[in-house]
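User: Hi! I'm new to reading protein structures, and I'd like to go through this one with you. Could you show it to me first?

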Amino acid sequence: MRIVPAALSSACALALSMALVSVPAVQASDKVAPGATQAAEAPVSVEGAWIRATVKGQTATGGFMNLQSSQALTLVGFSATEAPVAELHEMKMEGDVMRMRALKALPLPAGQTVSLKPGGHHLMLMGLKAPLAAGTTVRLTLQLRAEDGRVLSQTVDVPVKAMAPAGSGQGAGMPHHGQGHGHMHH
């Protein structure tokens with residue numbers, strides 16, 4: 001049982017307790033990047049997280065999840081030890097061509113769910129030295145900037161899956177990153 005200080009409104013207490021209950025794989029980072037601060041509690045609720053499994057010779061893959069924050073934050077980057085290059089990306093149609101480009105930041109408006117999914121905003125893990133096998137886990141460190149400029153780090157243990165989890169709406173027909181891409185980088 002968690003005791004919530006009386007100064008918090010019941011709505012804040014409910015949101016905080018729901019975030020803590022629904023995200024057991026999210027924890028405050030043990031390692032904090034230079035210039036970053038460590039959050040006492042996870043600043044972002046993460047749900048439905050997964051990384052697409054790779055095959056031998058494949059050097060890039062995508063990471064997907066739903067992010068929700070109780071305060072306005074901006075996702076400014078992430079890292080993973082398995083991937084020397086880690087970038088935020090978006091895919092969108094330009095004419096009749098699907099194009100992918102790196103993003104410097106992705107706003108996380110307070111109280112709104114931001115979906116990172118195949119065919120849209122997503123995480124790209126590039127420069128993989130070895131395949132990521134389904135059933136394994138990758139630890140990501142999300143870098144989040146608060147409105148006051150502070151940078152928070154949050155680690156997330158993300159399962160590697162051969163395809164999108166059932167019911168996520170992120171499955172069949174979506175491009176596989178790193179297997180001939182099928183889209184252009186900018």
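Analyst: Happy to! Keep in mind that this is a predicted model. A good place to begin is Leu-140, which is in contact with residues beyond its neighbours within four places in sequence, among them Ile-51, Met-65, Phe-78, Leu-125 and Val-158.

User: Which strand supplies the largest share of the largest nonpolar core?

Analyst: The largest nonpolar core has 31 residues, and Met-65, Leu-67, Leu-75, Leu-125 and Leu-140 are those with the most contacts inside it. Several strands each supply at least two residues of this core, including strand 3 (44-52), strand 4 (60-69) and strand 12 (151-161). The largest share is five residues, and the strand they come from is strand 11.

User: How many residues are in the other core that lies apart from it?

Analyst: In soluble globular proteins, nonpolar side chains tend to be buried together. Here, another core lies apart from the largest one, and Ala-60, Met-100, Met-124 and Met-126 are among its members. Its residue count is five.

User: What is the pattern of helices and strands along the protein chain?

Analyst: Let's count the elements before putting them in order. The protein chain has one helix and 13 strands. Reading along the sequence, you meet them as α-β-β-β-β-β-β-β-β-β-β-β-β-β.

User: How many residues apart in sequence are the parts that Arg-139 and Asp-157 tie together?

Analyst: These two form a salt bridge, with their closest N and O atoms 2.7 Å apart. Arg-139 lies in strand 11 and Asp-157 in strand 12, so the pair links parts whose separation in sequence is 18 residues.

User: Is Asp-148 buried or exposed?

Analyst: Asp-148 has a salt-bridge partner, Arg-150, and their side chains meet at 2.8 Å, N to O. Arg-150 has a relative accessible area of 38%, so it counts as partly exposed. For Asp-148 the relative accessibility is 55%, and the cut-off for the next class is over 50%. That makes Asp-148 exposed.

User: How many salt bridges does the count come to?

Analyst: We have already met Arg-139 with Asp-157, and Arg-150 with Asp-148. Another one joins the side chains of Glu-94 and Arg-99 at 3.1 Å, N to O. The full count comes to four.

User: What percentage of the contacts with a separation of 6 or more is between residues 24 or more positions apart?

Analyst: This question is about the protein chain as a whole, which has 186 residues, 37% of them buried. Among its contacts with a separation of 6 or more, the part from residues 24 or more positions apart is 68%.

How values were computed. Residues numbered from 1 in each chain as written. Predicted model: local features only at pLDDT ≥ 70, side-chain atom pairs only at ≥ 80, totals over all residues. Heavy atoms only, no water. Core = buried A, V, L, I, M, F, W, Y, C linked by side-chain atoms within 4.5 Å. Buried < 20%, exposed > 50% of the residue type's maximum accessible area, 1.4 Å probe, protein only. Helix = DSSP H or I, 4+ residues; strand = E, 2+ residues; numbered from the N terminus. Contact = heavy atoms within 4.5 Å.
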